[in-house]
Structure formats: C-alpha cells, structure tokens
Amino acid sequence: MSTALGNHILVEFMNCDPHIMNDVVAIERDMVGAAQKAGATVINSTFHHFSPYGVSGVVVIQESHLAIHTWPEYGYAAVDLFTCGEMNAWISFDHLKECFGAKSYSAIELKRGSLNLLQRNDFDISTMRSRAAEWRNPDFYTRNVWFTDKDEDQALSLRFTGEVFFDVQSPFQRVRILESNKYGKMLALDDMVMTTEKDEFHYHEMISHPALFTLGNAKNVLVIGGGDGGTVREVLRHPSVEKVTMVEIDGAVIDACKEHLPAIAASFDHPKLELIVDDGIEFLKNASAGAYDLIVVDGSDPVGPAEGLFSVSFYTNCYNALKENGILVAQGESPKFNEKAFAELNHTLQDIFGKDNAPVSLFFVPTYPTGMWSFQYGLKNIAHPKSIDKAESIDAFVAQEGLRYYNSDIHTGSFATPNFVKQLLKK
Ligand code: SPD
C-alpha cells in the first residue's frame, strides 16, 4: 500500500530540439499525449508562447497535473509530473523525452503528502451541494492554447483550438493555418497573424476600394504579394478592371489558403487574373514603364521575404511602372506597433511621389497587434482620395457587393490622421 498521496517527478530535459522548445502547438500536443499515454484523464490544458521565446503550460488531469516551462535558447525544459493514484508518470516521462529529442536528462522523484505526517479528518463530500458530485468525474477536456504575434514589448494573443490544418516550412517562411476560437481559421506566416476568416474584410476592402474609387476607371492592376487571395477578390469586384496581375513569392501560401480559406482565396480562377508565383521585387525591376493604373503591395511585415518591400528602390520601380495618373497602395504597418517602419515607409513615399502625395489611410484590424493599422499611398498626378465626390456610387456599390467595412464615410474618414500620426509623418 502506498505511503503517500502523490508522486512528483521533477524533470530536467536538456539538449532538446530548440525549435520544439519554442513551438507551443507541439508542446501542448506532446504534454497532453504524455498524460493520455499514461492513462490519465485530461481535463484542461493551458499553454502560452512567451516573448521573445519560450513556452509555459499546464495539463490538468484528474490525477493532478503536468507542467512545463521551456528555454529554447538553452534547449532546456523544466517539467513537473505530479500524479496521484495508480498512474505511472514514468510513461509520461519516456514519451516527452522522445518527443523533445532530449539528449540528456535527470529526474528526482518525490513522494508528496506522506501519510505518516497527515491525519485524516471527517470532511464529508456528501454534505456539499449536488453539483459537486458532477464535478468529481468530469468527462470533458478543454484546451487553452494561445498564438501570440509580438515584438519585444507588445503582443496580441489569440486563443486557438490547438488544431493545425496546415504547417509547412516553405523556402521563405513557416506557413500555418490554425483555428482561432474567436476569428475562425487564420493564416500565420512565421509567428505573425496575416489574416483570419472573421476579420479579413477590414483589410481587403480597405486595401482596394478607396484607391479604385479614387481612380474611377482603373483597367490594369498589379498586386504584389496577397497570397491569401483576399485583395484580388476585392479588386475584381470592379467592372472597369480588365486585368489583374498578381505576383506572390510563396506558392505555399496560395496552396494553404486555397485549401483552408476558400472564401478568401475565392478568385484565383477568375479569367481576368494572371497569377505569377515569383519574386515581386524582381518582377517590378523588369516591369514596363507606365503599365499600371494601380499597384497594390499586399506584403507582410518588414522581416523575412517582405523586407525588400520597404525599400527605396522597390518603390521607385513602382512609381515608374505606374501610368501617368496612377496610384500605389502599400500595406503600411502600424503607427502604434512599429512606428519606425510606418514612418520610414511614408518618408520614402514622400521622397518618391512628393511631399503631399503620400497620404495614409488608417483602419482597424482586431487581430493585428494594437489593432491600429495603415495603408500608405503614392499618388502620381492624382488628387487626394478624400477629395473625390462619389458618395452615391460608393454606397450603391457597397450595397450591391455586400461590403462590411468600406463605405463612403470610411472612404473620407480613414484619411483623417490623429496628431501623433501627423507628427510621425513629418520629415
Ligand atoms: N502584421 C500584419 C501585416 C499584414 C500583412 N498582410 C496581410 C495579408 C492579407 N492579405
């Protein structure tokens, strides 16, 4: 007969795979798997990814709990396996050792709640309210896994189900489709949220319609990036548009979205679309002068493959590839999350298009860090978008197309900038 209530194994896993040590999805799966393999009943799991790296989490089991904290930079995981009853926690230990690729390890096993030291009292559970009886044998399992898009100082976390529909390391980035609880499926590139099923329309309506209404009769449109397909879907709503050329560097993004985000990737078969999987920066170096009415740069953040989308040479090539009266719209980052990239991009556009020809449109995306995001414009011999007088036709279009963010008020209002933004944009 056991002489203690619980058994506690304190484990040091060392020389583990650092990528696994930083992968909240894999660690949650492995910790839950470790509990289940040892015959435990899993009740709840809570796992967080921390900035700049590291994962912490707990799996609550009917037999007590399994907990972990990792230091990827040391390939190290500190793990607690606390169990009561007949469960053999060494089975969990073996499972985790294998999953983490731990090349070395140590463990201390402690008896907890020594019966030699404890005295049983007459606490009687039958005197508790009847719901307590239900709670004694929970047959449900809830998960609490968080995806975090962050820099060193700020973060946005979305709870997701723990399910991963697509996870491919392409030559450019890690492409994932995960299922968030609040916003449906989401596309993540490396550890950054790109778009989600439930709020994608904020971004895709705002990157396309204000510029297209300003131009009025755009025929030839170039989209750089935009691999999820949302931007071309919106551009193609405009009957004046005769041709859209989309150049996306990463075919894995297109594949992922076609399969798992079909409502966003809805227009890849459209007859007016030419889809090119190639480097947009190179494409623009060779583009014909004066070819496009509108160039849309739907790139990701200025790290990894999108870094070159924030350079002077790239926007100079965009300027040259625009018609005499053309518009450039670029994903402009956030004045609150990454002020530097936001301001620098605008200064570049002011230099190329002229001081008064680089307006900024602000809009709100709940799933991007800080929520406040921007599109930045380069106007080539075009009047400021807020000066157009097309409210009636905009609102008729909005009603006909069932748009959910853009309307004539937003068209004008999104170009209003708070004072701190004006300050950032000053050169
Ligand atoms: N941090 C998010 C930056 C936005 C990047 N583009 C999103 C792609 C949507 N088509």
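A residue is counted as near a molecule when one of its heavy atoms lies within 4 Å of that molecule. With that cut-off in hand, the reader can look into this model, which is predicted, and find the ligand surrounded by Val193, Met194, Tyr203, His204, Asp228, Asp298, Gly299, Ser300, Asp301, Gln331, Tyr368 and Trp373.

It helps to sort this shell by the class of its residues, since the shell around the ligand has 5 nonpolar, 4 polar and 3 charged residues. Several members of the shell can then be followed down to single atoms of the ligand. In the side chain of Asp228, an N or O atom is 2.5 Å from a nitrogen atom of the ligand, while Tyr203 places a polar side-chain atom 3.0 Å from a nitrogen atom of the ligand. With Gly299 the backbone takes part, for one of its N or O atoms lies 3.2 Å from a nitrogen atom of the ligand. How much of the ligand's surface does the protein bury? Taken alone, the ligand exposes 340 Å², and the protein buries 97% of that area. The elements that give two or more residues to the shell around the ligand are the strand β11 (192-196) and the helix α5 (200-215).

Stepping back from the ligand, the reader can take in the whole chain, in which there are 13 helices and 18 strands. Taken along the principal axes, the box that the C-alpha atoms fill is roughly 90 × 50 × 45 Å, and of the 427 residues in the chain, 53% are buried.

Two loop residues show how burial is judged from the relative accessible area. Glu63 has its place in the loop between β3 (55-61) and β4 (64-71), and is it buried or exposed there? Its relative accessible area is 17%, and because buried means under 20%, Glu63 is classed as buried. Thr46 stands 17 residues from Glu63 along the chain, and the C-alpha atoms of these two residues are separated by 17 Å.

Leu118 offers a second case, and it is found in the loop between β6 (104-114) and α4 (131-136). Here the relative accessible area is 44%, and because this value falls between the 20% limit for buried residues and the 50% limit for exposed ones, Leu118 is described as partly exposed. Leu118 also belongs to a nonpolar surface patch of about 410 Å², which is made by Leu5, Leu115, Leu117 and Leu118.

Conventions
Residues are numbered from 1 along each chain as its sequence is written. This is a predicted model: local features need pLDDT of at least 70, side-chain atom pairs count only at pLDDT 80 or more; totals for chains, interfaces and linings use all residues. Side-chain values use heavy atoms; hydrogens and water are left out. Patches are made of residues with over 30% relative accessible area and no salt bridge: like charges are joined within 9 Å, nonpolar side chains (Val, Leu, Ile, Met, Phe, Trp, Tyr) within 5 Å. Accessible areas come from the Shrake-Rupley method with a 1.4 Å probe; for residues, only the protein chains shown count as cover. A salt bridge is a side-chain nitrogen of Lys or Arg within 4 Å of a carboxyl oxygen of Asp or Glu. Helices (H or I, at least four residues) and strands (E, at least two) are DSSP runs, numbered from the N terminus. Buried means under 20% relative accessible area, exposed over 50%, partly exposed in between (1.4 Å probe, protein chains only). A polar contact is a pair of N or O atoms within 3.5 Å; within protein, one must be able to donate a hydrogen and the other to accept it, and residues adjacent in sequence count only if both atoms are side-chain atoms. Ala, Val, Leu, Ile, Met, Phe, Trp, Tyr, Cys and Pro count as nonpolar, Asp, Glu, Lys and Arg as charged, and the others, Gly among them, as polar.
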